[in-house]
Each structure stands twice: as C-alpha cells, then as structure tokens.
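Trainee: I have a protein chain open on my screen. Can we go through it one question at a time?

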Amino acid sequence: PFPSEAAAAADASWVEESPEILAKLRARFSDLHGEIYRETAVRLAATGQEEMTPVDVMDQLASAAFFKDLRVGDLEEIALRAEVVHFEPGTPLLEEGAPADRTFVLAEGRVRRNGEVLEAGALLGDEALGISKVYRSTVVSDGATVVCVPSAPVMELAHVSSALGIELIRLAAGAYGVQAL
C-alpha cells in the first residue's frame, strides 16, 4: 500500500481499538459540521457588506409558518438555493400579474400588500408555490430584507420530501377555501 493508505489503516485500527474515542468523535461531528457550515457566508445582494450564513437563512425560512415544520435537511436544501435581497423603500418585490416564479420570506423590515403592513416572518408570493401562475397582488417594500426562494427547487424537493409535500397541499387547500387538512 501507499504510505497514506498505511497511515489511514493505522488510524482506522487505532480508532477501532478505542471505542470511547470513536463515540466522542461521532458526538462531536455534528457540532463540527455546524461550525464549518456557519462560517460559510451568503452575501446580501444589495450592499455586499452584510452577511447571512446558510444557518441564518434557514432560521429566516423557518420563521414563516409554511417552512417551520420542515425537516432540517429540507430547509438546508432550500436555503442553499435561496438568495438574500434588500429592497429600498418604494421598490416592488412582486407585481400583480407578473409570472409567479419565486416566493419570499420577509427577514427584516416591512412591506405593504394591498394596504396591509407585513413584518418579519411573512410569506410573500405564495402563488409561486403551485397556487397560481401569476402573482395576485403587488407587494412594495418599506425597506425590507427578504429571503428569495425560486419555486422550481421547492417543487422538485416536494417530490422527495413528504413534509414539504404536505405543506404545499395545505397551502393550496387554504388558497381554495378548504378549511381542514
């Protein structure tokens, strides 16, 4: 064997002979993974100054009722495809009649939809989650940072995630006036 293979075999042998070390390493792995993951930054599109880690994006997604019951793995998949965007006051996030191809979770600030002021945790553009091909209302920023989620990855993930599939069914049922699901 190559020297690196011999060293790896020796390490593997040592770990097998020390089950308590292996148990500690396994317990620590998820913590180490989380620390490494948190170090990966997602830049805000508008300023290029502020940063949100993927874990922060997952937290923002989970603040919206639609995403809160999803598995961590599902949130991670969605967060890795999401974009964090800042909208200046008066800027439309989405416009009535425009193609519904993304949904937003309001992370910070406020927006207005049909005269109603919405704050952090609001789900915007839920039409993009299979309810409609176009947005049904215009949403305007009062100075807001949002997590922008393209609908295609969410719909693809719904094919393998029963939790996400159930949330999509609940959302669609509510949009069509079905009360209990």
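Trainee: Which helix holds Glu 167?
Mentor: This is a predicted model, so keep that in mind throughout. Helix α6 covers residues 162–175. Glu 167 is found in α6.

Trainee: Is Glu 167 buried or exposed?
Mentor: Look at the relative accessible area, which is 9% for Glu 167. Buried means under 20%. So Glu 167 counts as buried.

Trainee: Which residues does Glu 167 touch, not counting residues up to four places away in sequence?
Mentor: Leave out the sequence neighbours up to four places away. Contact means heavy atoms within 4.5 Å. The residues touched by Glu 167 are then Ala 65, Phe 66, Asp 69 and Leu 70.

Trainee: How many Å apart in space are Glu 167 and Phe 67, C-alpha to C-alpha?
Mentor: In sequence, Glu 167 and Phe 67 are 100 residues apart. In space, C-alpha to C-alpha, the value is 7.9 Å.

Trainee: What share of the contacts with a separation of 6 or more joins residues 24 or more positions apart?
Mentor: Now take the protein chain as a whole. Start from its contacts with a separation of 6 or more. Pick out those between residues 24 or more positions apart. They account for 66%.

Trainee: How many helices and strands does the protein chain have?
Mentor: Read along the sequence, the pattern is α-α-β-β-α-α-β-β-β-β-β-β-α-α. Count each kind of element. The secondary structure comes to six helices and eight strands.

Trainee: Now two of the helices. At roughly what angle do the axes of α3 and α4 cross?
Mentor: Helix α3 spans residues 54–62, and helix α4 spans residues 72–79. Their axes come within 9 Å. The crossing angle is roughly 110°.

Trainee: Which word describes α3 relative to α4?
Mentor: Take the angle of roughly 110°. Angles of 65 to 115 degrees count as roughly perpendicular. That makes α3, relative to α4, roughly perpendicular.

Trainee: Is the crossing of α3 and α4 left-handed or right-handed?
Mentor: Handedness is a separate matter from the angle. For α3 and α4, the crossing is right-handed.

Trainee: How many residues in the contact of α3 with α4 are nonpolar, polar and charged?
Mentor: From α3 come Pro 54, Val 57, Met 58, Leu 61 and Ala 62. From α4 come Val 72, Leu 75, Glu 76, Ile 78 and Ala 79. The division is nine nonpolar, no polar and one charged.

Trainee: Which residues form the aromatic pair?
Mentor: The structure holds one such pair. Its centres are 6.4 Å apart, with 80° between the planes, and it is edge-to-face. The partners are Phe 87 and Phe 104.

Trainee: How many residues apart in sequence are the parts that this pair ties together?
Mentor: Phe 87 lies in strand β3, residues 83–87. Phe 104 lies in strand β5, residues 102–113. Both residues are buried. The pair therefore ties together parts whose separation in sequence is 17 residues.

Trainee: Arg 102 is in β5 too. What is its relative accessible area?
Mentor: Arg 102 touches several residues, including Tyr 135 and Cys 148. Arg 102 is partly exposed. Its relative accessible area is 29%.

Trainee: Last one. Is Asn 114 buried or exposed?
Mentor: Asn 114 lies in the loop between β5 and β6. Its phi is near 55°, a positive value in a residue other than glycine. Its relative accessible area is 66%, and over 50% counts as exposed. So Asn 114 is exposed.

Note on methods
Residues numbered from 1 in each chain as written. Predicted model: local features only at pLDDT ≥ 70, side-chain atom pairs only at ≥ 80, totals over all residues. Heavy atoms only, no water. Axes fitted to C-alpha atoms, helices over the stretch in contact; angles between N-to-C directions. Helix = DSSP H or I, 4+ residues; strand = E, 2+ residues; numbered from the N terminus. Parallel < 35°, antiparallel > 145°, perpendicular 65-115°, else oblique. Left-handed = near helix turned anticlockwise from the far one by under 90°. Nonpolar A, V, L, I, M, F, W, Y, C, P; charged D, E, K, R; others polar. Phe/Tyr/Trp six-rings, centres within 6.5 Å; stacked < 30°, edge-to-face > 60°. Buried < 20%, exposed > 50% of the residue type's maximum accessible area, 1.4 Å probe, protein only.
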